[in-house]
Amino acid sequence: MLSHEDNETLVRVGPGTPTGQFMRLFWLPFLPSSDLTVDGQPQRVRLLGEDLIAFRDSEGRIGLVDHACPHRGAPLVFGRNEKCGLRCVYHGWQFGVDGRVMDTPAEPAESRLKDKVRIKSYPCRERNGIVWAYMGDAPADALPPLPNLEWNMVPAENVHFSFRVQECNWLQAVEGEIDSAHAPILHGRIDSQGAINDWTAKRDLRPVFECQRQDFGISIASRRVLDEQSHYWRVNQFLFPFYTLVPPQSKYPELSGHAWVPIDDENTLCIMFSYTPASALYEKTRQLFEAGHQGRETGHASESAYEPRPVTQPYAKYWTKYNLQSAFLFNYDAQTKTWFSGLPGLWVQDAACQSGVAPIYDRSKENLGISDTGVAMTRRLLLENVRKLAAERTTTVRVGDADLWMVRAVSLTLPSSASWQHDGAEHMRARIGADFGYTP
């Protein structure tokens, strides 16, 4: 159980909140690079409760600035992106990617107003098709490095990533993915069809959990008994501040996970990534991610899942038809005949359980079990760091160590006497270009 007060501490992420300040220590992924074209349409985003506009100027630089013009508060989502700046359509004030006022055409030529006014802006960087923002208070010449996350460093042909908005707070989403006990149940079938029934994890629905704190976050290991001689270990990873890694499990294995980026207290930007570490992603797998399978969703939002919203709404392209208002397209007939959950696909099943009651669920009503050990430990670790930062202006997380995030989740079959920590250590270390090192 998480007390109401502690839950409020962790899920509130706006400016000045303890967790919001903690999140601002890190670079935040927030858009695909392809969404921002030179002198193209500005994009409305929201991060950590702040309403912002992203654009790419005439020289290819990315700006992330306040959504409202500081002159009279006009919406910059309608701004003209031209001549190396974003120009407000109300009175023509123009802003550079650094927030500097470049032009005030309605003012007298001798006016010094543009030298006195500055719009809020945040530095941005790009790597391998993802745009990142830093919203912390480190000076421009002392920004932390981008985190070396393997999925954002492998060649483009090795990875598929997708974006979607989920209508719940970031922590509910994180907890859904580090909880591996649910997978063979929620995602299961009641008939004998489909590859999902071949999951090794389905052979033991009562796993034993072991969790270990790490410099990067927490490893959550689940042990399933295969026979007297061997155990099946699945080790999910939680990485500060909001990343989750899921072990491979299919006949065509890939590594996968999410960045659960807080949009605000009640909405999360879900960036899912799937990649093969040493070779191109299987083309059939990529096609399944993009198109779904027979009307069902995979772990990625398919092209047909989206229901775009007006450009004035943050992340207008990335809202989906699977939400509380549509009952996540629950199908009772399918539940009685085919799918245990009656929900149309992997990520939809997860989203419905994570956000189907409330965007901020009252965790004081929970009754946690042994299978929730990883969830409880992750909450405790986050609270410790958030409180330490608030009280001492410091944290135990080595934000300046880019390689802290070079981690993999693993699925290992080991002798019953073996240790997942010892025998899995080498496989849990990410190395660019290195293959799995074992048979998933």
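Two strands count as paired when DSSP finds at least two bridges between them. Keep that in mind for the first close-up, and remember throughout that this is a predicted model.

**View 1. Two short strands, side by side.** Strand β6 covers residues 85-87 and strand β7 covers residues 94-95. They pair in the antiparallel sense, over two bridges. Look for L86: the residue standing opposite, in β7, is F95.

**View 2. Zooming out to the whole sheet.** β6 and β7 belong to an open sheet of four strands. Reading across, the order is β5-β6-β7-β8, and the pairing is antiparallel. Which strands sit at the edges? They are β5 (80-82) and β8 (101-103), each of which pairs on one side only.

**View 3. Inside the largest nonpolar core.** This core has 91 residues. F30, L31, L47, L64, F242 and Y315 are the ones that touch the most other members. Helix α9 (residues 373-392) gives the core its largest share, seven residues. There's also a second core, separate from this one, with 14 residues, including I53, V65, C88 and V101.

**View 4. F242 and its contacts.** Who does F242 touch, leaving aside its neighbours within four places in sequence? Its contacts include M23, L28 and P29. W170 and V174 are among them too. Then comes a run of H258, A259, W260, V261 and P262, also in contact with F242.

**View 5. A closed-off bit of empty space.** Rolling a probe the size of a water molecule over the atoms shows where empty space is left. Searching the whole structure turns up three cavities of 30 Å³ or more. In the largest cavity there is about 50 Å³ of space. Its lining is made up of F26, W27, P144, P145, P147, F240, P241, Y243, V399 and W405. What classes do these lining residues fall into? The count is 10 nonpolar, no polar and no charged residues.

**View 6. The second largest pocket.** Here the volume is about 630 Å³. The lining has 24 residues, and G176, D179, C353, R363 and D372 lie nearest the centre. Three helices, α4 (170-178), α8 (346-355) and α9, each bring at least two residues to the lining. Which helix supplies the largest share? That's α8, with four residues. As for the mix, the lining divides into nine nonpolar, eight polar and seven charged residues. You've already met α9 in View 3, where it supplied seven residues of the largest nonpolar core.

Methods. Residues numbered from 1 in each chain as written. Predicted model: local features only at pLDDT ≥ 70, side-chain atom pairs only at ≥ 80, totals over all residues. Heavy atoms only, no water. 1 Å grid on protein atoms, 1.4 Å probe; cavity = no way out; pocket = protein on both sides within 12 Å on 5 of 7 lines; lining within 4 Å. Points joined across faces, edges and corners; volume = space filled by probe spheres on them. Nonpolar A, V, L, I, M, F, W, Y, C, P; charged D, E, K, R; others polar. Core = buried A, V, L, I, M, F, W, Y, C linked by side-chain atoms within 4.5 Å. Buried < 20%, exposed > 50% of the residue type's maximum accessible area, 1.4 Å probe, protein only. Contact = heavy atoms within 4.5 Å.
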